[in-house]
Amino acid sequence: PLEPSLLRFLVCPLSKRPLRYEEATNELINEELGIAYPIIDGIPNMIPEAARTTRKKPPAEGSKQP
């Protein structure tokens, strides 16, 4: 798990905003951007390309829904 004292120093590299630690998935969440950074062996992977999307994007205009 992530050291709780680190959380106050860590910010999203994209938005520069604070992150929320999600213990269930062991990730740092950016609610504003809808992304989650994984924590591997206690080390946050703050590379934007490593983040996963936490919410679905709205469908593009003109696209058909199944």
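This passage describes the strand pairing of a predicted model and the surroundings of one residue, Asn 30.

In the predicted model, the chain contains five strands and zero helices, so that the order of elements from the N terminus reads β-β-β-β-β. Of its 66 residues, 21% are classed as buried, and the accessible surface amounts to about 5,200 Å², with carbon and sulfur atoms contributing 57% of that area. When contacts between residues at least 6 apart in sequence are considered, 20% of them link residues that are at least 24 apart.

Strand 3, which spans residues 35-40, takes part in pairings with strand 2, with strand 4 and with strand 5. The pairing with strand 2 (residues 27-30) is antiparallel and comprises four bridges, one of which places Ile 29 opposite Ala 36 of strand 3. Ala 36 also has a bridge partner in strand 5, namely Arg 52, and is thereby a point at which strand 3 is bridged both to Ile 29 and to Arg 52. The pairing of strand 3 with strand 5 (residues 52-53) is likewise in the antiparallel sense and rests on two bridges. Strand 4 (residues 43-44) runs antiparallel to strand 3 and is joined to it by two bridges, with Ile 39 having Pro 44 of strand 4 as its bridge partner.

Two of these pairings are hairpins, and in each a residue with positive phi is found. In the hairpin formed by strand 2 and strand 3, four residues separate the strands, and Gly 34 adopts a positive phi near 70 degrees. In the hairpin formed by strand 3 and strand 4, two residues separate the strands, and the positive phi, near 55 degrees, belongs to Asp 41.

Asn 30, a residue of strand 2, merits separate description. Its relative accessibility is 2%, and Asn 30 therefore counts as buried, the cut-off for that class being under 20% relative accessible area. A polar atom of the Asn 30 side chain lies 2.9 Å from the backbone nitrogen of Leu 33. With residues up to four places away in sequence left out of the count, Asn 30 touches Cys 12, Ser 15, Leu 19 and Ile 35. The surroundings of Asn 30 thus include Ile 35, while the strand that holds Asn 30 is the one paired with strand 3 over four bridges.

Methods: Residues are numbered from 1 along each chain as its sequence is written. This is a predicted model: local features need pLDDT of at least 70, side-chain atom pairs count only at pLDDT 80 or more; totals for chains, interfaces and linings use all residues. Side-chain values use heavy atoms; hydrogens and water are left out. Two strands pair if DSSP finds at least two bridges between them. Buried means under 20% relative accessible area, exposed over 50%, partly exposed in between (1.4 Å probe, protein chains only). Contact means heavy atoms within 4.5 Å. Accessible areas come from the Shrake-Rupley method with a 1.4 Å probe; for residues, only the protein chains shown count as cover. A polar contact is a pair of N or O atoms within 3.5 Å; within protein, one must be able to donate a hydrogen and the other to accept it, and residues adjacent in sequence count only if both atoms are side-chain atoms.
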